[in-house]
Amino acid sequence: MATQPGMEPDRIDMNDPAARAQWARKLDATEAQLREAVGAVGDVAADVEMHLKGSHSTTNADRMDELGDS
């Protein structure tokens, strides 16, 4: 991912819709899953990725159903 001047490449800015969408694509997660992960472990991308990988023991569709995003 290209780093823009002034941006923290390893932080997920949940207040920026474009950043949320970009991180969701990069981490193969829905924005709801991303929001849950950031709420659980903070906005450090590496921590969020590890949290999401731990939750990928189910399919993405199963997780979306759990989160009510289906």
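# Notebook: a four-helix chain

**Entry 1. Asp28.** I started with Asp28, which sits in the loop between α1 and α2. The model I am reading is a predicted one. I looked up the backbone angle and found that Asp28 has a positive phi of about 50°, although Asp28 is not a glycine. In chain order, Asp28 comes after α1.

**Entry 2. The whole chain.** I then stepped back for an overview. I count four helices and zero strands in the secondary structure. Read from the N terminus, the order of elements is α-α-α-α. The chain has 70 residues, and 27% of them count as buried. I noted an accessible surface of about 4500 Å², with 49% of that belonging to carbon and sulfur atoms. I also looked at contacts between residues at least 6 apart in sequence: 38% of these join residues at least 24 apart.

**Entry 3. Helix α1.** Which residues of α1 are buried? For this helix, residues 17-26, I listed Ala19, Arg20, Trp23 and Ala24. These residues lie on the same side of α1, because they cover an arc of only 135° around the axis. A general point helps here: an α-helix has 3.6 residues a turn, so residues three or four places apart point the same way. Next I checked the face turned away from the buried side, and there I found the exposed residues Ala18, Arg25 and Lys26. At the N-terminal end of α1 I found a cap, Asp16. A side-chain oxygen of Asp16 lies 3.0 Å from the backbone nitrogen of Ala18.

**Entry 4. The nonpolar core.** I asked which residues make up the largest nonpolar core. It has 12 residues, and two of the buried residues of α1, Trp23 and Ala24, are among them. The others I wrote down are Ile12, Met14, Leu27, Ala29, Leu34, Ala37, Val38, Ala45, Val48 and Leu52. The elements that give two or more residues to this core are α1, α2 (31-41) and α3 (45-55). As a general note, nonpolar side chains in soluble globular proteins tend to be buried together.

I picked one core residue, Val48, and looked up what it touches beyond its neighbours within four places in sequence. Val48 is in contact with Ile12, Leu27, Leu34, Ala37, Val38, Val41, Gly42 and Asp43.

**Entry 5. Arg20.** I went back to Arg20, which is in helix α1. Is Arg20 buried or exposed? Arg20 has a relative accessible area of 17%, and the cut-off for buried is under 20%, so Arg20 counts as buried. With neighbours within four places in sequence left aside, the contacts of Arg20 are Asp13, Met14, Asn15, Glu31 and Leu34. One of these contacts, Glu31, also forms a salt bridge with Arg20, and the closest N and O atoms are 2.9 Å apart. This pair links distant parts of the chain, since Arg20 is in helix α1 and Glu31 in helix α2, 11 residues apart. Glu31 counts as partly exposed at 29% relative accessibility.

I also looked at Thr30, in the loop between α1 and α2. Thr30 counts as buried, at 14% relative accessibility. From Thr30 to Arg20 I noted 10 residues in sequence and 9.3 Å in space, C-alpha to C-alpha.

**Entry 6. The other salt bridges.** How many salt bridges does a search of the whole structure find? The search gives three. Besides the bridge of Arg20 and Glu31, I looked up the one where the side chains of Arg11 and Asp43 meet, at 2.8 Å from N to O. Arg11 lies in the segment before α1 and Asp43 in the loop between α2 and α3, so this pair ties together parts that are 32 residues apart in sequence. Arg11 is partly exposed at 39% relative accessibility. Asp43 is partly exposed as well, with a relative accessible area of 28%. I had already met Asp43 as one of the contacts of Val48.

The remaining bridge joins the side chains of Lys53 and Glu49, at 3.5 Å from N to O. Why are Lys53 and Glu49 separated by about one helical turn? They are four residues apart in helix α3, and that spacing is the reason. Lys53 is exposed, with a relative accessible area of 53%, whereas Glu49 is partly exposed at 32%.

Notes
Residues numbered from 1 in each chain as written. Predicted model: local features only at pLDDT ≥ 70, side-chain atom pairs only at ≥ 80, totals over all residues. Heavy atoms only, no water. Buried < 20%, exposed > 50% of the residue type's maximum accessible area, 1.4 Å probe, protein only. Arc of directions from axis to C-beta. Polar contact = N/O pair within 3.5 Å; in protein donor to acceptor, adjacent residues only side chain to side chain. Core = buried A, V, L, I, M, F, W, Y, C linked by side-chain atoms within 4.5 Å. Contact = heavy atoms within 4.5 Å. Salt bridge = Lys/Arg side-chain N within 4 Å of Asp/Glu carboxyl O. Areas by Shrake-Rupley, 256 points an atom, 1.4 Å probe, with all protein chains shown as cover.
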